[in-house]
Amino acid sequence: MKGCYHIHTYGCQMNVHESEKLAGILETCGFVACDDVKDADIIVMNTCCVRETAETKVLGHLGRIKSIKKSGAVLVVCGCMTQQPGAAEKLAKRCAFVDIIIGTFNQHLLGEYVDTFLGTGTRIIDVWDKEREVSDTPAVRAQNVNAWVNIMYGCNNFCTYCIVPYVRGRERCRPVDDIVSDVERLIASGHRQITLLGQNVNSYRYGDVDFVGLLKMLELDKKYRLKFMTSHPKDFSPALAERIAQSKVLSHNLHLPVQAGSDRILAAMNRHYTRGEYLDKIAAVRSVVPDIGLSSDVMVGFPTETEDDFAQTLDLVQQVEYNNLFMFIYSRRSGTPAADMPQLDYKTKQARIDSLIKAQFEISKSIANGYIGKNFEVLVAEKKGNTCFGKAQNDAAISFESDTANIGDFVNVKVVSAKNANLKGEVAE
Ligand code: SAH
Ligand code: SF4
Ligand code: F3S
C-alpha cells in the first residue's frame, strides 16, 4: 500500500461517476480510500463550474483543506472548473499549495501525474483543449443499489447560458456492446438500479442503434430498474414515450428540463422548442404512461427576462405540476453568449426564485397528499435500524418500517402519511 486517498466531488451525476473512475485509477496505483481528508496522502477535488456558486464552494473548500491537510499530502484539482480557458493558470497563481491541476480531457492519466509528482516534486499544470484518446477506466463503484453507466460524453447543444459544451467537448457515444455488457455485469454484481448518463441521452446513436434501440437492448430478463438522464425536450420522441410504456424495467419517471416558460426566452436560450411543443410532449407521455413522475430544471433571471416572461415560467410549472423541480438563479458564465446579453439585478432574480420555490412547495405537498392510500413498488436503497428508505417506480421517496426488508429489495408499500412532501408508508399485503 502506498497510502490513502480522499476525493471531493462537486456538480452533477456525471461528475459523481467520474470520481468513481478517479478512485479506480488511484486504487490501481496502490492507494486505498480514506474517509477523513486529514489522513489522506492524495486529495482530489473533482470540480464543477456550471454556476458561480459551484466555483465559490470549491475555492472556499480549498482554503480549508490547505490548513488541515497533512504535510506532504498531494493536492489535485481536476474537473470542469479547471477546464475553462485560463482557469488553471489563475488557480495555480491563487493557490500555490495545489500540486497538480488537470482538466476533464486528461484526468484519466491521474495515476501518471501523481507518480511524476511524487518522483520529481515538481508542480504539474496540464490541461488539454480536447480529447486525444478514448479511455475506459475501471470504476470503484459505491456499494449502492444504483450504478451509473455513461452512454455518451459531451454536448453539442450550446444552450446560450451553459458552460458544459466548452468544458466537456462534443458528443461522443459509447459502443452499444460496451454499454450492454456493463449493465449485465453490474446487475450480476448486485446493483438493482442502473442509471444511464449523458447530457442529452435522446441524441444517443451508435451505428444504427438510437436511444430507443439501446433501451430495447437493455430489456434484460432480470428484475432491475433502469433510469436515464438527461433528456433534452427537443429530442424527446413519441417512440421514447411508448418505450417507457412498454418496458418492464424502465422507471416511470422522466427528467425533462424545460428551463423557461416563455417562447422569447427559450429562443434566446437556443433551446429549439417552444412552450407549446414542450407541453404537447408532456401530454403525450402522460397519455401513454399515466403514472409518470415528472421532474425538471428551471432557471430564473436569464438576461432580458421580463416579469411577463417569468410569469409564463411560473404558469408552466403550475400547469405541469412536476413531482420534483430543480430551480436555479441564472449565473453568468464567461465565454457563453448569454454572458454578453443585458443582465438582470440580483434582487429581481432572488424575488423570482422565491416565488417559484413557494409555488413548487405547494405543488409537491398536494401531489404527496394525493399519494396517501396508494401502493408503490419501492426499491430499498438505505436502512437505518428498521427504517427503510427508497424510491418508488415514479421516483417518489418513501420511508417505511420493516425488520425483514433488505437494501436492494423491491417492496410493495402503501403510503399512509405525507408530512409536507415526506411520504411514509407501510408494507402492503
Ligand atoms: N444537460 C442537462 C443538464 C446540464 S446542467 C440538460 O440539458 O438539462 C444542469 C442544469 O443546470 C441545467 O438544466 C440548467 O437548468 C442549470 N444551468 C446550466 N447553466 C446554468 C447557468 N449558467 N446558470 C444557472 N443555471 C444553469
Ligand atoms: Fe448545457 Fe444545454 Fe448541453 Fe444541457 S443541453 S449540457 S443545458 S448546453
Ligand atoms: Fe456537471 Fe458541473 Fe461539469 S454540472 S458537467 S460537473 S460543469
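Three strands of this predicted model form an open sheet in the order 7-10-13, with parallel pairing. Strand 7 (146-150) and strand 13 (225-229) are its edge strands, each pairing on one side only. Direction ignored, neighbouring strands of this sheet are turned by 25 degrees against each other on average. The points below treat this sheet and its helices, a β-α-β unit, a closed barrel, the surroundings of two ligands, and backbone exceptions.

**The open sheet and its helices**

- Strand 7 and strand 10 (residues 193-197) run parallel and are joined by 5 bridges.
- Within this pair, valine 149 stands opposite leucine 196 of strand 10.
- Helix 7 (residues 176-188) packs on the sheet and touches strand 7 and strand 10. The direction of helix 7 makes about 170 degrees with that of strand 7.
- Helix 1 (residues 13-28) lies across strand 7, strand 10 and strand 13. Relative to strand 7, helix 1 runs at about 95 degrees.

**Strands 15 and 16 with helices 11 and 12**

- Strand 15 (residues 293-300) pairs with strand 16 (residues 324-329) in the parallel sense, over 6 bridges.
- Serine 295 stands opposite asparagine 324, a residue of strand 16.
- Together with helix 12, strand 15 and strand 16 make a right-handed β-α-β unit.
- Helix 12 (residues 307-320) also has helix 11 (residues 275-288) as a partner: their axes come within 12 Å and cross at roughly 10 degrees. Angles under 35 degrees count as roughly parallel, and helix 11 and helix 12 are therefore roughly parallel to each other.
- On the side of helix 11, the contact involves Arg275, Tyr278, Leu279, Ile282 and Arg286. These meet Gln312, Asp315, Leu316, Gln319 and Val320 in helix 12.
- By class, the residues of the contact between helix 11 and helix 12 divide into 5 nonpolar, 2 polar and 3 charged.

**The closed barrel**

- A closed barrel of 5 strands runs in the order 17-18-19-21-20, and its pairing is mixed. From one strand to the next, the twist averages 50 degrees.
- The antiparallel pairing is illustrated by strand 18 (residues 387-391) and strand 19 (residues 397-401), which are joined by 5 bridges. Cysteine 388 stands opposite phenylalanine 400 in strand 19.
- Strand 18 and strand 19 form a hairpin with 5 residues between them. In the turn, aspartate 395 has a positive phi of about 80 degrees.
- Strand 19 runs parallel to strand 21 (residues 422-427), and 3 bridges join the two. Here isoleucine 398 stands opposite leucine 423 in strand 21.

**Surroundings of the ligands**

- Ligand 2 is surrounded by Cys155, Asn157, Phe158, Cys159, Tyr161, Cys162, Val164, Pro165, Gln199, His232 and Arg271. This shell comprises 7 nonpolar, 3 polar and 1 charged residues.
- The residues around ligand 3 are Cys12, Asn15, Cys48, Cys49, Val50, Cys80, Arg168 and Gln199. Of these, 5 are nonpolar, 2 polar and 1 charged.
- Gln199 appears in the shell of ligand 2 and also in that of ligand 3.

**Backbone exceptions**

- Most residues other than glycine have a negative phi, and most peptide bonds are trans.
- The peptide bond from methionine 229 to threonine 230 is cis, with omega near 5 degrees. Threonine 230 is found in the loop between strand 13 and helix 9 (238-246).
- Glutamine 259 is not a glycine, yet has a positive phi of about 75 degrees. The loop that holds glutamine 259 lies between strand 14 (253-255) and helix 10 (263-268).

How values were computed. Residues numbered from 1 in each chain as written. Chains lettered and ligands numbered in written order. Predicted model: local features only at pLDDT ≥ 70, side-chain atom pairs only at ≥ 80, totals over all residues. Heavy atoms only, no water. Axes fitted to C-alpha atoms, helices over the stretch in contact; angles between N-to-C directions. Helix = DSSP H or I, 4+ residues; strand = E, 2+ residues; numbered from the N terminus. Parallel < 35°, antiparallel > 145°, perpendicular 65-115°, else oblique. Contact = heavy atoms within 4.5 Å. Nonpolar A, V, L, I, M, F, W, Y, C, P; charged D, E, K, R; others polar. Near = heavy atom within 4 Å. Pairing = 2+ DSSP bridges. Right-handed = clockwise from strand over helix to strand, strands pointing away.
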